[in-house]
Amino acid sequence: MSEEKANQNAAEPQEEQDVNELIRIRMEKLKELQEKGKDPFHIVKFDNKDNSKDIKEKFVDPVEGEEIEEVKVEMAGRLMSKRGHGKATFCDIQDMYGRIQIYVKLDEVGEEAYEEFKKYDIGDIIGVSGVVFKTHMGEISIRVKELTLLCKSLRPLPEKFHGLKDMDLRYRQRYVDLIMNNEVKDTFFKRSAIIKGIRKYLDDHGYLEVDTPILSTIAGGAAARPFITHHNTLDIDMYLRIANELYLKRCIVGGFHKVYEMGRMFRNEGMDIKHNPEFTNVELYAAYEDYHDMMDIMEGMISTLAKDICGSTKITYQGTEIDLTPSWKRITMIDSIKEVTGIDFNTTDTDEEAKKLAESIGIEVEEGMVRGNIINLVFEEKVEDTLIQPTFIMDYPVEISPLTKRKPSDPRLVERFEAFIGGREYGNAYSELNDPIDQKERFIEQAKEREAGNEEANMMDDDFVQALEYGMPPTGGLGIGVDRLIMLLTDSFSIRDILLFPTMKPNN
């Protein structure tokens, strides 16, 4: 296959090519460069002082065809297209911020350099220096004076409209997805901005960022199945954290008034469009506050992020308009069930009464379920999907909230809320339990559930109980699923769309 034919093939759909043959040809080009002492892999540095975005923004008004001679630019990028024949070629190169057109002419770079340039392939990474001008078509471009091959691409890129429709392949080869899809890259720019925005909001509200262990001898702070590993030196099993709650509360015991941590959590559970085994979470705790204060800070944070990232507190997610403007709706779990179904669990006192009420609207209740679990089951099956606009669901049954302070007016309930948007849960918050006696009793009940086969039940944490015995002030705590929040603010359908490298089952 000739070089000319190979270069033509580089623009054809990848499925119509013999990829192995193209790789062979590129390897021969690399060998030829190496034999000439011009191995691109030996280059260690390039003065990449400019980028496509800055160049376009800075030089928006030159006269057509006029060079800005007093300003030279140097930038590097991936060669994405070549247009032209003979002694001049237009190309597009792509860097982190976008694409820019370059103009390579034999008279400008010299015959030897131009002949080498003609052998460059789509996907090669090159460095160019030159001057900026506007073409007769009005496009800001770089007239190249010097160019350098910085890295040889040995594998051809897929053709944009044929090679990137397989979502599974896009997730597995995210590096190719980022090269070929600018909208994907933009999602991860926004992800970075959202994470920075969360930190700024909490820092500005007096919270201290701290780090707590990822490996622990106890998996606590949430109802979830943990990943288990083994520490060789100590010869003990350890757990990847499912939450950082109990360590952050220890910080409150120690005298910090406001703390937060953002980082990876790990839960050995199912995978779907909302769940990945490792995910990013932020938890925050404030002494002398309660769950109402946590509602204020959550809606304030998310509405601020929406304005900064999306330009408005009114956004569209998957075709549905959502208004994130404070103040969000606040309603108890029992009242939300009554609002949707017409049944009122406030009229029930016993497990049997609750079971009959649930069964009256077609809910199948498992044998042995108690009143609190039944109420939660009805909520999940009948109410959750209806919560499209931002809503705080408050006052959960104590049976499903082992780390939360009871409501003084009804000890069967706790001062807890979850925040729902678009039918999904985005945050979980408590007026934190600080009674060590009550906490120990709840841990004991959780341990019994665990012994009975519930792998998601909390483990007994004697050290945490001991910490509470030293005294923890009244405290409000909040956890927010950062990945879900990023999905919302980037209008992404699946959690895999906003994770650079989501967990995937091996091909083999």
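**Exercise 1. In this predicted model, determine which residues of strand E19 point one way and which point the other way, and whether they are buried or exposed.**

Solution. Begin with the two faces: Thr 475, Gly 477, Gly 479 and Gly 481 point one way from E19, while Gly 476, Leu 478 and Ile 480 point the other way. Next, apply the cut-off for burial, which is under 20% relative accessible area; residues on both faces of E19 are buried. Finally, check this against the strand as a whole, which spans residues 475-481 and has seven of its seven residues buried.

**Exercise 2. Identify which strands pair with E19, in what sense, and over how many bridges.**

Solution. Take strand E11 (residues 278-287), which pairs with E19 in the antiparallel sense over seven bridges; within E19, Leu 478 is the bridge partner of Leu 284. Then turn to strand E18 (residues 424-431), which also runs antiparallel to E19 and is joined to it by five bridges, and here Gly 427 has Ile 480 as its bridge partner in E19.

**Exercise 3. Work out where Leu 478 stands in the largest nonpolar core, and which residues Met 298 touches.**

Solution. The largest nonpolar core has 43 residues, and Leu 478 is listed with Ile 198, Leu 202, Met 298, Leu 324, Phe 417 and Leu 488 as having the most contacts inside it. Helix H11 (residues 291-310) gives this core its largest share, nine residues. Leaving aside residues up to four places away in sequence, Met 298 touches Trp 328, Phe 392, Phe 417, Ala 419, Tyr 426, Gly 427, Leu 478 and Ile 480. Apart from this core lies another, of 30 residues, including Cys 91, Ile 93, Val 109 and Val 132.

Definitions and conventions. Residues are numbered from 1 along each chain as its sequence is written. This is a predicted model: local features need pLDDT of at least 70, side-chain atom pairs count only at pLDDT 80 or more; totals for chains, interfaces and linings use all residues. Side-chain values use heavy atoms; hydrogens and water are left out. Buried means under 20% relative accessible area, exposed over 50%, partly exposed in between (1.4 Å probe, protein chains only). Helices (H or I, at least four residues) and strands (E, at least two) are DSSP runs, numbered from the N terminus. Two strands pair if DSSP finds at least two bridges between them. A nonpolar core is a set of buried Ala, Val, Leu, Ile, Met, Phe, Trp, Tyr and Cys residues joined through side-chain atoms within 4.5 Å. Contact means heavy atoms within 4.5 Å.
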